[in-house]
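Here are a few short exercises to work through with the structure open beside you. Try each task before reading its solution.

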Amino acid sequence: MSTLLISIITLGVLALLFAVILAAADAKLRVEVDPKIEEIDTILPQANCGACGYPGCKNYATAIVEKGEEINKCSVGGQPVTDLIAKIMGVESAATTKVVARVHCRGTEEAAKRKGYYEGIETCRAAALVSSGDKLCDWGCLGYGDCERSCPFDAITMMPDGLPFIDEEKCTGCGICVEECPKDILELHPIDENVMIFCRSQDPPKQSRAVCKNACIACNICVRKCPTGALTMENNLVYVVAPEKFTEECYGGIDKCPTGAINFVHPEKVVRTDKQENDKA
Amino acid sequence: MDLLIIFVSALLINNFVLSYFLGICPFLGVSNKLSSAVSMGMAVTFVMTITAIVTWPIYHLILAPYHLEFLEIVSFILVIASLVQFVEMFIRKTSEAIYDALGIYLPLITTNCAILGFALIAVLKNYTYIETIVFGVGAGLGFTLALVIMAGIREELDFADVPESLKGPGITLLVAGILALSFMGFAGLIK
């Protein structure tokens with residue numbers, strides 16, 4: 001009995017002693033944290049995805065308050081979060097451009113030929129290690145769904161045609177899938193950007209054509225049809241270098257593309273004036 | 001002379017990290033940058049020294065006379081946890097940069113087995129008060145030494161052409177193993 005009592009008293013006194021010391025130290029050493037940081041931190045989505053360029057939401061909140069970082073960097077929270085941060089910081093709200101991941105490949109099961117059949121661990125990363133994948137095209141999507149599994153927001157679905165489909169409503173532009181893809185098929189684009197090259201192949205035209213029906217065959221017709229300089233051709237592949245310059249004058253290139261490698265992401269959103277229609281006719 | 005032997009022995013021969021294999025978590029976790037390795041080592045050395053100063057009286061003046069040796073681990077943990085809390089406050093107050101660099105590993109000093117291990121070993125070896133303190137400083141500096149060597153190697157390793165499959169943890173563990181092996185060379189230093 002006495003042992004029990006003594007142990008309790010001993011530990012109790014010790015604990016109390018340390019508690020007092022710590023309390024005193026806390027009073028002396030407390031670091032005043034700007035309450036704004038806490039406030040902004042609670043508003044941020046806590047996805048800790050790193051899309052803003054900081055390791056976590058807390059770091060971004062600190063950077064906003066202390067270093068005057070831009071308030072529109074959180075692509076997960078989007079405009080509502082930016083507006084709320086603006087309110088806290090007492091500044092004018094800035095426009096957040098939502099970015100989304102997009103798939104730069106149309107090598108569907110049907111369009112892209114295979115070298116053979118891969119049997120092994122069902123991930124793109126593993127498949128890519130085996131003679132860089134089972135598709136004849138070395139640049140194309142492997143279709144084992146690493147991006148689907150990596151997406152924390154459930155925005156990516158593997159379609160029956162072997163390519164991922166990205167739900168642009170759900171996609172927050174965090175860029176995790178972009179990192180994950182061993183073939184660099186995915187890329188972040190502002191959501192209002194509508195023209196895209198659905199191919200990554202830098203193979204010579206002949207080879208690209210032989211291995212995939214939908215590949216960019218570097219015929220250059222879209223670049224020639226576009227006088228504004230929105231497109232350029234480099235290493236057997238067309239790049240959209242200035243999406244804002246892709247105006248109506250250039251639409252002819254998309255119509256003329258023999259493989260459909262350059263196309264609108266959302267063709268239904270494209271408004272053509274009569275002049276274009278006439279030209280086409 | 002005895003004190004010197006205890007010091008060198010804790011520093012090199014029975015190095016806590018590379019010979020007892022205690023405190024491996026921060027050894028691998030905070031050793032990717034030399035500057036944070038130094039401050040982590042200093043924090044651990046500080047905690048170890050104060051632990052030595054505090055735990056010896058607790059054990060020899062309170063626990064042993066009342067035959068409460070079984071409370072040893074609990075009370076040592078209490079001491080260490082409070083100390084780490086204190087160190088954390090102190091570092092946060094003095095240098096935000098170091099605080100950020102140490103990150104989660106700072107509060108994790110609480111559960112750093114090197115420190116509890118040190119306190120228990122000191123009791124086991126029946127050191128006097130002065131000896132325990134010297135032992136604490138030596139063990140802490142030994143930990144710092146291991147961490148700094150490791151950080152130095154890992155900083156160089158960033159420029160090395162490491163085989164793909166060994167990148168990251170693989171090569172780090174290999175380096176740690178070889179380092180531990182080389183520390184065995186000190187074994188004959190003191191008879």
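The exercises below concern a predicted model, and they go from the core to the contact between chains.

**Exercise 1.** Find which residues of the largest nonpolar core touch the most other members, and which element gives the most to this core.

*Solution.* Start with the core itself: it has 52 residues, and V47(B), I115(B) and L147(B) touch the most other members. Next, look at where its residues come from: α1, α3, α4, α6, α7 and α8 of chain B each give two or more. Among these, α3(B) gives the most, with twelve residues. Finally, zoom in on I115(B): beyond its neighbours within four places in sequence, I115(B) is in contact with V47(B), M48(B), T51(B), I80(B) and I109(B). When you are done there, look for a second, separate core of 47 residues, which includes L163(A) and C257(A).

**Exercise 2.** Work out how helix α1(A) is oriented relative to α4(B).

*Solution.* First take the axes: those of α1(A) and α4(B) come within 10 Å and cross at roughly 0 degrees. Angles under 35 degrees count as roughly parallel, so α1(A) is roughly parallel to α4(B). Then list the residues that meet: L11(A), F18(A) and L29(A) are among those in α1(A), while V74(B), F86(B) and K93(B) are among those in α4(B). By class, this helix contact has 13 nonpolar, three polar and two charged residues.

**Exercise 3.** Describe the side of chain B that touches chain A.

*Solution.* Count first: 14 residues of chain B are in contact with 13 residues of chain A. Now ask which element gives the most to the chain B side: α4(B), with ten residues. Last, sort that side by class: nine nonpolar, three polar and two charged residues.

Key: Residues are numbered from 1 along each chain as its sequence is written. Chains are lettered from A and ligands numbered from 1 in the order in which they are written. This is a predicted model: local features need pLDDT of at least 70, side-chain atom pairs count only at pLDDT 80 or more; totals for chains, interfaces and linings use all residues. A nonpolar core is a set of buried Ala, Val, Leu, Ile, Met, Phe, Trp, Tyr and Cys residues joined through C-beta atoms within 7 Å. A residue is buried if 20 or more other C-beta atoms lie within 10 Å of its own, exposed if 12 or fewer, and partly exposed in between; C-beta atoms are placed from the backbone. Helices (H or I, at least four residues) and strands (E, at least two) are DSSP runs, numbered from the N terminus. Two residues are in contact if their C-beta atoms, placed from the backbone, lie within 7 Å. Axes are lines fitted to C-alpha atoms, for helices over the stretch in contact, and angles run from 0 to 180 degrees between N-to-C directions. Angles under 35 degrees count as roughly parallel, over 145 as roughly antiparallel, 65 to 115 as roughly perpendicular and the rest as oblique. Ala, Val, Leu, Ile, Met, Phe, Trp, Tyr, Cys and Pro count as nonpolar, Asp, Glu, Lys and Arg as charged, and the others, Gly among them, as polar.
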